[in-house]
Every structure is written in C-alpha cells, then in structure tokens.
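Visitor: Please take one part of this structure and look at it closely with me, starting from a single residue and working outward. I am in my first year, so please go step by step.

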Amino acid sequence: MSASRLRRVAVLVLEGAKPLDVGIPAQVFTTRASMPYEVRLCGAAPGLVTGGDGLSYHVAHGLDALAWADIVFIPGYRFPDRDDPPQAVVDALIAAHDRGARLAAISTGAFALAATGLLDGRRATTHWHYSRALVAKHPLVEVDENVLFVDEGSVLTSAGAASGIDLCLHILRGDLGVAASNHAARRLVAAPYRSGGQAQYVPRSVPEPLGERFAQTREWALHRLDEPLTLEVLAQQAAVSPRTFSRRFVAETGYTPMQWVMRARIDMARELLERSQRSVERIAADVGLGTGANLRLHFHRILGTTPSEYRRTFAQGE
C-alpha cells in the first residue's frame with residue numbers, strides 16, 4: 001500500500017455512542033501534514049445523534065460516508081446486546097466491505113459489525129464485560145475476550161476504549177510504517193506498541209508495583225536492543241527470578257520475554273529502514289540481530305516480507 005495516498009476514514013456514530021470511542025479514531029486520523037487521512041463523522045442520517053454519558057453529536061454526513069470511506073470505524077455504544085443497529089446501517093456496512101473498505105470496531109461496536117454477518121467464523125473481541133453477551137447474540141463469532149484487538153484483514157475489532165488507540169496505531173503501522181505510528185503515539189502520549197495478544201486486564205494476583213517494575217524493564221531494554229538481552233539479564237534488571245519474570249511477562253504482554261525482544265528489534269529495524277539509508281548489515285548490528293541474514297530471516301518470519309521490499313514501500317529518507 002502506498003504510504004502517500006490520501007485515505008478516507010468514516011467514523012460511524014450510532015445511538016448511545018461512547019465519547020472516547022468516537023474521539024479516538026477522529027483524533028488519531030485527523031488530517032495533518034504527517035497524516036494522509038481525511039475523517040468524516042457520520043450517522044444513520046445527518047444531524048443530531050444522542051450519545052451515551054450525557055453527550056450528543058452533530059454529524060454532517062449520513063450513510064453516504066460509508067460508500068466514500070476506505071476505513072470505517074464503528075465506536076462502541078450503550079446496550080449493544082438489546083437491539084441491532086437499523087437495517088440501513090447494517091446494509092451500508094456490508095456494502096462498504098464488499099466495495100473493499102476495512103471495517104474496524106471499537107469496544108461494543110463489535111455488536112454492530114457482528115450484525116452484518118461479516119464476523120461469522122472469524123476471531124473477534126469486544127470489551128470483556130460484554131464478551132458473553134456477544135457470544136450469546138452471535139454464536140458463530142469466535143470471541144476472544146483475552147486480547148486487546150484482533151486483525152482479520154478486512155474486519156478488525158478491539159476491546160475497551162484504550163485498546164481503540166492500540167488498534168488505530170496498529171492500522172497506522174500497516175498503512176504508513178513504524179515511524180508514523182510512533183510519531184502519533186508520542187502526540188497522544190500513548191504506548192507506541194501493545195500487542196493485540198496482550199491481556200485486556202492484568203489479574204489482581206499480579207502486584208501493581210511489580211507490573212510497574214516490568215514496564216520499567218521493558219523501557220530499559222528498548223534503549224539496549226543492540227546489546228545481549230537474555231531472559232536472565234531482563235529478570236536481573238527487574239530484580240525477580242527468571243521463572244517469575246517469564247510467567248508474569250506473558251500475563252502482561254501476551255509474549256514471552258524473548259518474543260517481545262525480537263519484535264522490538266524488528267520494529268526498530270523497520271523504523272531504521274524507513275528513515276535512513278543504512279545497509280541491512282548495519283541495521284542488523286544496530287538492533288542486536290548480528291547479521292543481515294539473521295535480520296532477513298526474522299523479518300520475513302514476523303512480517304512476511306523482506307527488509308528491501310519494506311524499505312521500497314515505506315522509505316522516507318533522512
């Protein structure tokens with residue numbers, strides 16, 4: 001996908017829409033020099049839409065925006081387990097998908113997406129509080145309540161409001177590359193990367209200070225990716241045993257420590273490929289993967305492409 005083409009984003013505001021869920025994609029994809037997107041807020045019809053939590057929205061566009069959009073976000077809304085959206089909304093979502101648009105649901109927006117039948121036989125997630133209700137209402141959907149977001153290609157779903165940010169950044173990484181995603185994360189003062197497989201919430205049995213300490217260890221590791229980072233080194237930095245570190249790291253991130261380190265190294269390599277003209281061999285050394293052959297091996301395993309092809313797609317120069 002070209003990194004320079006203007007992309008059209010529609011945010012579909014349904015009755016009872018949750019403010020954060022509406023605001024996240026509208027803010028993340030707002031038009032600016034570094035963001036080649038145009039955003040339109042829409043509803044079942046132009047005009048006033050009664051939202052949740054005491055707020056209402058005046059939307060300038062109706063369902064025609066779904067015929068215009070490349071990406072359609074469906075924010076969460078109140079009482080999604082009671083009634084399906086209007087049939088006209090369901091039909092417009094199906095038509096947008098058939099035309100090639102991506103449909104991305106935030107939180108309980110997954111119910112509206114499920115009403116189209118497009119999630120049948122596919123993995124999806126929603127806010128953990130509504131997971132059972134989604135299973136009961138749409139039994140053909142493979143609901144996973146233990147992840148932040150699920151990317152099934154043309155249909156994407158995420159958990160609660162904060163994971164909507166993770167989903168938006170994930171889409172940015174695919175559209176524009178790691179550098180653009182990291183820039184947006186800094187602008188939002190958000191974590192630049194949380195894996196879709198990360199748990200929606202950490203069980204109470206994990207002490208809060210320890211979770212904080214592990215976050216500090218991850219930050220520490222991100223500044224030392226060119227150094228040897230073993231399980232033992234990370235556990236020592238966190239001042240816990242390797243066994244404890246490994247078990248609780250998986251609970252927090254969805255990855256083993258070494259899987260997380262590898263993905264962090266690949267992400268750093270992606271950004272260097274985008275923003276510099278360094279050779280693959282030099283980048284491999286800079287991110288702690290040793291040789292160009294090793295970088296190419298893991299790059300292809302994780303991303304399904306080569307460093308050279310990635311650079312041709314996302315290169316920005318220095």
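**Starting from Ser107**

Guide: Let us begin at Ser107, which is buried because its relative accessible area is 1%, and a residue counts as buried when that value is under 20%. Please keep in mind throughout that this is a predicted model. Ser107 sits in the loop between β6 and α4, and its phi is positive, at about 55°, although Ser107 is not a glycine. Asp53 makes a useful companion to Ser107, since Asp53 is likewise not a glycine and has a positive phi, of about 60°. Asp53 belongs to the loop between β3 (47–50) and β4 (56–59), and with a relative accessible area of 57% Asp53 is exposed, whereas Ser107 is buried.

The two elements on either side of Ser107, β6 and α4, lead us to the largest nonpolar core, which has 31 residues. Two or more residues of this core come from each of β1 (7–12), α2 (64–68), β5 (71–74), α3 (87–99), β6 (102–106) and α4 (109–114). Among these elements, α4 gives the largest share, with 5 residues. Within the core, the residues that touch the most other members are Leu12, Leu66, Val72, Ile74, Leu93 and Leu103.

Leu103 is a good residue on which to pause, and for Leu103 we can ask which residues are in contact with it once neighbours within four places in sequence are left aside. They are Val72, Leu93, Ala96, His97, Leu113, Leu118, Ser154, Val155 and Leu156. Two names in that list, Val72 and Leu93, also appear among the core residues that touch the most other members. Apart from this core there lies another one, of 29 residues, which includes Met35, Val49, Ala180 and Ala184.

Just before β6 in the chain there is the loop between α3 and β6, and Gly100 lies in that loop. Gly100 is exposed, with a relative accessible area of 56%, while Ser107, in the loop between β6 and α4, is buried. Gly100 also shows how the fold brings separate stretches of the chain towards one another, for Gly100 and Ile71 are 29 residues apart in sequence but have C-alpha atoms 9.0 Å apart in space. A wider separation in sequence is found with Leu20, which is in helix α1 (residues 19–28). Leu20 and Ala162 are 142 residues apart along the sequence, yet the distance from C-alpha to C-alpha is 8.5 Å. Although Leu20 is a leucine, its relative accessibility is 59%, and Leu20 therefore counts as exposed.

The second core gives us a path to a pair of helices, because Ala180 and Ala184, which are among its members, lie in the stretch where α7 meets α6, by definition a matter of heavy atoms within 4.5 Å. Helix α6 (residues 161–176) and helix α7 (residues 178–188) have axes that come within 7 Å and cross at roughly 150°. Angles over 145 degrees count as roughly antiparallel, and α6 and α7 are therefore roughly antiparallel to each other. The crossing of α6 past α7 is right-handed. On the α6 side the contact is made by Ile165, Leu169, Leu172, Arg173 and Leu176, and on the α7 side by Val178, Ala180, Ser181, Ala184, Ala185 and Leu188. Sorted by class, the residues of this contact are 9 nonpolar, 1 polar and 1 charged.

For a contrast in angle, consider α11 and helix α13 (residues 292–303), whose axes come within 10 Å and cross at roughly 100°. These two helices are therefore roughly perpendicular to each other. The residues that make this contact are Met262, Arg263, Ile266, Ala269, Arg270 and Leu273 from α11, together with Leu295, His298, Phe299, Arg301, Ile302 and Leu303 from α13. By class they are 8 nonpolar, 1 polar and 3 charged. Leu303 of α13 touches Ile266 and Arg270 when residues up to four places away in sequence are not counted, and at 30% relative accessibility Leu303 counts as partly exposed.

To gather the thread, Ser107 is buried in the loop between β6 and α4, and both of those elements contribute to the largest nonpolar core.

How values were computed
Residues are numbered from 1 along each chain as its sequence is written. This is a predicted model: local features need pLDDT of at least 70, side-chain atom pairs count only at pLDDT 80 or more; totals for chains, interfaces and linings use all residues. Side-chain values use heavy atoms; hydrogens and water are left out. Axes are lines fitted to C-alpha atoms, for helices over the stretch in contact, and angles run from 0 to 180 degrees between N-to-C directions. Helices (H or I, at least four residues) and strands (E, at least two) are DSSP runs, numbered from the N terminus. Angles under 35 degrees count as roughly parallel, over 145 as roughly antiparallel, 65 to 115 as roughly perpendicular and the rest as oblique. A crossing is left-handed if the near helix is turned anticlockwise from the far one by less than a right angle, and right-handed if clockwise. Ala, Val, Leu, Ile, Met, Phe, Trp, Tyr, Cys and Pro count as nonpolar, Asp, Glu, Lys and Arg as charged, and the others, Gly among them, as polar. A nonpolar core is a set of buried Ala, Val, Leu, Ile, Met, Phe, Trp, Tyr and Cys residues joined through side-chain atoms within 4.5 Å. Buried means under 20% relative accessible area, exposed over 50%, partly exposed in between (1.4 Å probe, protein chains only).
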